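User: I would like to learn how to read the features of a protein model. Could we go through one together, a feature at a time?

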Amino acid sequence: ESTVDLSGYLLLPGLINAHDHLEFNLFPRLGNGPYANFREWADDIFRPDAPPVREHLAVPKPVRLWWGAIKNLLCGVTTVCHHNPYDHEVFGGDFPVRVVSRYGWAHSLALERNVAARFRATPKGAPFLIHLGEGTDAASAQEIFELDRQGALDPRTAIIHGVGLDAAGRALVEARGAALVWCPSSNLFTLGRTLGQEELRQHRRVALGSDSALTGAGDLLDEIRLAMQATGVGSDELYRMVTEGAAEVLRRRAGVGALQAGGVGDLIALPDSGHSPADTLAESSFREVELTVVAGKPHMLSENMLSRWSKETWERFERLDIEGLVRLVRAPIAQLVAEVETRLQD
C-alpha cells in the first residue's frame, strides 16, 4: 500500500448527480421560456434538421456521453443518474464516472405509452425515475394523481422536477414514501420558477440534479450556488442532497455518498478554507476541485496534485484546458476533442 500527502486539502465524499442526460452536455441552452410545461419547450427547440441541433446530433453518441461524464468529473461528481437507457458498451470499466445501472425509468406520462409496465419491470430494490410535474399548468399538477392511479407511486419512485405539484400532490408523494429530484436552474430556465424552501420542506427525501446543458445552468456545483441564491436553501441541506440523501433516493449501496472505512473509495479534494464541508462546497466551483477519485483511483488531478502522486498514477492521463485552467484527466481527451471539432466548427 502507498500513502498520499493531502495536507492542506479538505476531503469530501464523491458527489452524486441525481439527474442528468449525459449525451446532451455539449449542446447550448435552447429555448425562450418561460413555458407552461416541458412539452411546449420540446416542441419549440427540437429541430433535428436545423442548427444547432443537427450539428450536435452528428457528434457520435458515445463521444457525447464521454463529454457529459467529464463535465461531471471536473466538478467532483463520481456517480451520475443518467435518465435514458443504460449503455453497457460505453459505461464500462474505462468510463470516468459511475453511472447508476440498476433502475427503472420512463421519460414522462406524456411521452411513455405504458408507465405502469415500466414501473413493474423495475428491478427489485432499484429506483423508478420519471419526469413529472414539469410545468406550471393544471395538467402538470394532476400528473401525480395519474401516476398513483396507475400504481407507480411508492418508495421506489423518484419524481424528477415536481414543480407543478399542488399541496395535495405533495402530500400524496409523502404518503406513498416517494422521493423528489430537484433541478432548480433547469426549472427556472424552462418554466420561470422552481421549488421554494417551504415546498422542499414538505419532502423528506430530496436529491439534487444538474439536468443537461440543454436547460441547466452548468455543473452540479453551479446548481448548489444557484439554489442557495434563488431559494435560500441552506448549505447543509444542499450538501445532503448531493451526498447521503442522494444515495438514499437512488438506493445506492452503503458507502456511496460518504467517507467511511471499507467504503466505495469515491472522494474529492478541495483546498481547505477552514469552513465546514457543506459551506466549502457551497463556496466552490469546478476550479476548486483538484482531485476526483473513483473506486480508489484518481480520475482527475490538478497540476498542484501531480507531485503528490507517483508518475505511474497519472502518466497516461491527458491534459484538458478549460478557460485557462489545466486538469489531467483519465480519458482520451485528444481523441474526444478531435471528434467534436470535425463537426462543431464554431
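## Reading the model

User: Which residue in β9 is the bridge partner of W182?

Analyst: The partner of W182 is L208, which belongs to β9. Keep in mind that the model we are reading is predicted.

User: How many bridges join β8 to β9, and in which sense do the two strands run?

Analyst: There are three bridges between β8, residues 179-182, and β9, and the two strands run parallel.

User: What is the order of the strands in the open sheet?

Analyst: A useful general idea is that side chains in a regular strand alternate between the two faces of the sheet. Here the open sheet has five strands with parallel pairing, in the order β5-β6-β7-β8-β9. The edges are taken by β5 (104-108) and β9 (206-208); each has a single partner strand, so one side of each has no neighbour in the sheet. From one strand to the next, the twist averages 25°.

User: How many bridges pair β5 with β6?

Analyst: Four bridges pair β5 with β6, in the parallel sense. W105, for instance, has L129 in β6 as its bridge partner. As for exposure, β5 is mostly covered, with four of its five residues buried.

User: How should I read two helices that pack together?

Analyst: In general, two packed helices are described by the angle between their axes and the distance between the axes. In this model, helix α7 (residues 184-191) packs against helix α9 (residues 220-231) at an angle of about 65°, and the axes are 8 Å apart. The contact is made by P184, S185, S186 and L188 on the α7 side, and by E223, L226, A227 and A230 on the α9 side. Of the residues in this contact, five are nonpolar, two are polar and one is charged.

User: Which residues have the most contacts inside the largest nonpolar core?

Analyst: In soluble globular proteins, nonpolar side chains tend to be buried together. The largest nonpolar core here has 70 residues, and the ones with the most contacts inside it are F95, I144, L147, W182 and L281. Helix α3 (residues 61-74) contributes the most to this core, giving eight residues. A separate core has 19 residues, including V100, Y103, I160 and L250.

User: Which residues does L281 contact, leaving aside its neighbours within four places in sequence?

Analyst: With those neighbours set aside, L281 is in contact with L12, L15, L221, I224, Y239, V242 and I268. W182, which we met as the bridge partner of L208, is listed with L281 among the residues with the most contacts in the largest core.

User: How many salt bridges does a search of the whole structure find?

Analyst: The search finds 18 salt bridges. To read one of them, look at the distance between its closest N and O atoms, then at the exposure of the two residues. R54 and E55 form a salt bridge in which these atoms are 2.7 Å apart. R54 has a relative accessible area of 41% and is therefore partly exposed. E55 is partly exposed too, at 22%.

User: Where in the chain are D94 and R330?

Analyst: These two residues form a salt bridge whose closest N and O atoms are 4.0 Å apart. They lie in distant parts of the chain, 236 residues apart: D94 is in the loop between β3 (77-82) and β4 (98-99), and R330 is in the loop between β14 (325-329) and α14 (333-341). D94 is exposed at 55%, while R330 is partly exposed at 26%.

User: How many residues apart are R149 and E146 in helix α5?

Analyst: They are three residues apart in α5 (residues 138-149), so about one helical turn separates them. Their salt bridge has its closest N and O atoms 2.7 Å apart. R149 is exposed, at 62% relative accessibility, whereas E146 is partly exposed at 26%. Elsewhere, R170, R193 and E199 are joined into one network by salt bridges that share partners.

User: Is T122 buried or exposed?

Analyst: T122 counts as buried because its relative accessibility is 7% and the cut-off for buried is under 20%. T122 sits in the loop between α4 (115-120) and β6 (128-132). Beyond residues up to four places away in sequence, T122 touches Y103, G104, P127, F128 and R156.

User: Is A167 buried or exposed?

Analyst: A167, in helix α6 (residues 167-176), counts as exposed at 58% relative accessibility. Sequence and space can also be read side by side for this residue. A167 and L220 are 53 residues apart in sequence, and their C-alpha atoms are 28 Å apart in space.

Definitions and conventions. Residues numbered from 1 in each chain as written. Predicted model: local features only at pLDDT ≥ 70, side-chain atom pairs only at ≥ 80, totals over all residues. Heavy atoms only, no water. Pairing = 2+ DSSP bridges. Axes fitted to C-alpha atoms, helices over the stretch in contact; angles between N-to-C directions. Contact = heavy atoms within 4.5 Å. Nonpolar A, V, L, I, M, F, W, Y, C, P; charged D, E, K, R; others polar. Salt bridge = Lys/Arg side-chain N within 4 Å of Asp/Glu carboxyl O. Buried < 20%, exposed > 50% of the residue type's maximum accessible area, 1.4 Å probe, protein only. Core = buried A, V, L, I, M, F, W, Y, C linked by side-chain atoms within 4.5 Å.
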